[in-house]
Amino acid sequence: MTELDLIIDFHKKAERQGPGSGRDTLKALGFMDLPAGSIKVADIGCGSGGQTITLAQNISGQITAVDLFPEFLEELDQKSKKLGLEDKIVTLAKSMDDLPFPTCEFDIIWSEGAIYNIGFENGIKQWKDYLKVGGYLAVSEITWISRSRPKEIEEFWAIEYPEIDRASNKIKILEDNGYTLAGYFYLDEESWVKNYYEPMKARFGTFLERHGHSELSAKVVNDYKAEIDQYFKFKEYFTYGFYIARKDS
Ligand code: SAH
């Protein structure tokens, strides 16, 4: 098994593959003034579909849930069948920078904790084409929440994701690219710890056992432990910002 196989195996049975919550998803949805009747939604980088299920339970219409890895989509398909939502959720294994969607197809493009894979600015530019005029984009994106930061965390993110920025700069990027902000908030500690890191910690033991405590599986666990430690050390400086914006034209 490669490290990527192990990472997929570690995450696939999880409710979520990133920080967030049903409460955050509904809060973002609450900023949208949606048309009556059936709407079309794309959920990009959906993972095993924590937010997809919440959306399906709260909108009328259809969701196309996209992820690069079929392993996550299989989990989502199983969950939606169990909940009787299979008519509302269609899964699609595709890369988020190579989507087969027609122009002006969707009322909403959703993406929680995933746009960083192709970069925020690149993503919002590419995906705009698939949105109807007046349609909404809802993305969560790693965001600085303080004016200055310790060098250690600055240097970490400069390597991991140099696009990290303050919300005002992210909003400017949205405005410069034909969107108008409809809402913004940021995720609180509960969305990171209770919904993401605590469930991760609870899976470490069984994951290591499943892989015979191999060197690579231990590396995966140690990398996540370091990420968790770093979150607690620097959580007053960064979090996920949730950006809800409307396509102008
Ligand atoms: N939205 C989910 C998952 C976030 S994790 C949640 O909040 O729980 C980021 C997701 O992006 C993972 O599921 C990963 O498989 C997916 N991903 C990574 N690169 C991708 C790509 N190029 N195209 C589509 N999905 C991708």
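The following questions and answers go through a predicted model, taking its ligand site, its core and a few single residues in turn.

Me: How are residues numbered, and which pLDDT limits apply in this predicted model?
Reply: Residues are numbered from 1 along each chain as its sequence is written, and side-chain values use heavy atoms, with hydrogens and water left out. Totals for chains, interfaces and linings use all residues, whereas side-chain atom pairs count only at pLDDT 80 or more, and local features need pLDDT of at least 70.

Me: Which residues come nearest to the ligand?
Reply: A residue is taken as near the ligand if one of its heavy atoms lies within 4 Å of it. There are 18 residues around the ligand, and those that come nearest are Q17, G45, D67, M96 and E112.

Me: At what distance does a polar side-chain atom of D67 lie from an oxygen atom of the ligand?
Reply: A polar contact is a pair of N or O atoms within 3.5 Å; within protein, one must be able to donate a hydrogen and the other to accept it, and residues adjacent in sequence count only if both atoms are side-chain atoms. For R16, a polar side-chain atom lies 3.2 Å from a ligand oxygen, while for Q17 a polar backbone atom is 2.9 Å from an oxygen atom of the ligand. For D67, the distance from a polar side-chain atom to a ligand oxygen is 2.7 Å.

Me: How much of the ligand's accessible area does the protein cover?
Reply: Accessible areas come from the Shrake-Rupley method with a 1.4 Å probe, and for residues only the protein chains shown count as cover. On its own the ligand has 570 Å² of accessible area, and the share covered by the protein is 91%.

Me: Is S140 buried or exposed?
Reply: S140 sits in strand β5, residues 131-144, where strands (E, at least two residues) and helices (H or I, at least four) are DSSP runs numbered from the N terminus. Its side chain reaches the backbone nitrogen of G113 at 2.7 Å, and, beyond four places in sequence, S140 touches residues including S111, E112 and Y240, contact meaning heavy atoms within 4.5 Å. Buried means under 20% relative accessible area, exposed over 50%, and partly exposed in between (1.4 Å probe, protein chains only). Because its relative accessible area is 2%, S140 is buried.

Me: Which element gives the largest share of the largest nonpolar core?
Reply: A nonpolar core is a set of buried Ala, Val, Leu, Ile, Met, Phe, Trp, Tyr and Cys residues joined through side-chain atoms within 4.5 Å. The largest such core has 74 residues, and among those touching the most other members are W192 and F238. W192 and F238 also touch each other. The largest share of this core, eight residues, comes from α8.

Me: Which elements are among those that cover the buried residues of α1?
Reply: Helix α1 spans residues 3-12, and L6, I8, D9, F10 and H11 are buried in it. The cover over its buried residues includes α4 (70-82), α8 (189-210) and α9 (215-234).

Me: What is the phi of H213?
Reply: H213 lies in the loop between α8 and α9, and it counts as exposed because its relative accessibility is 53%. Most residues other than glycine have a negative phi. H213, a residue other than glycine, has a positive phi, near 50 degrees.
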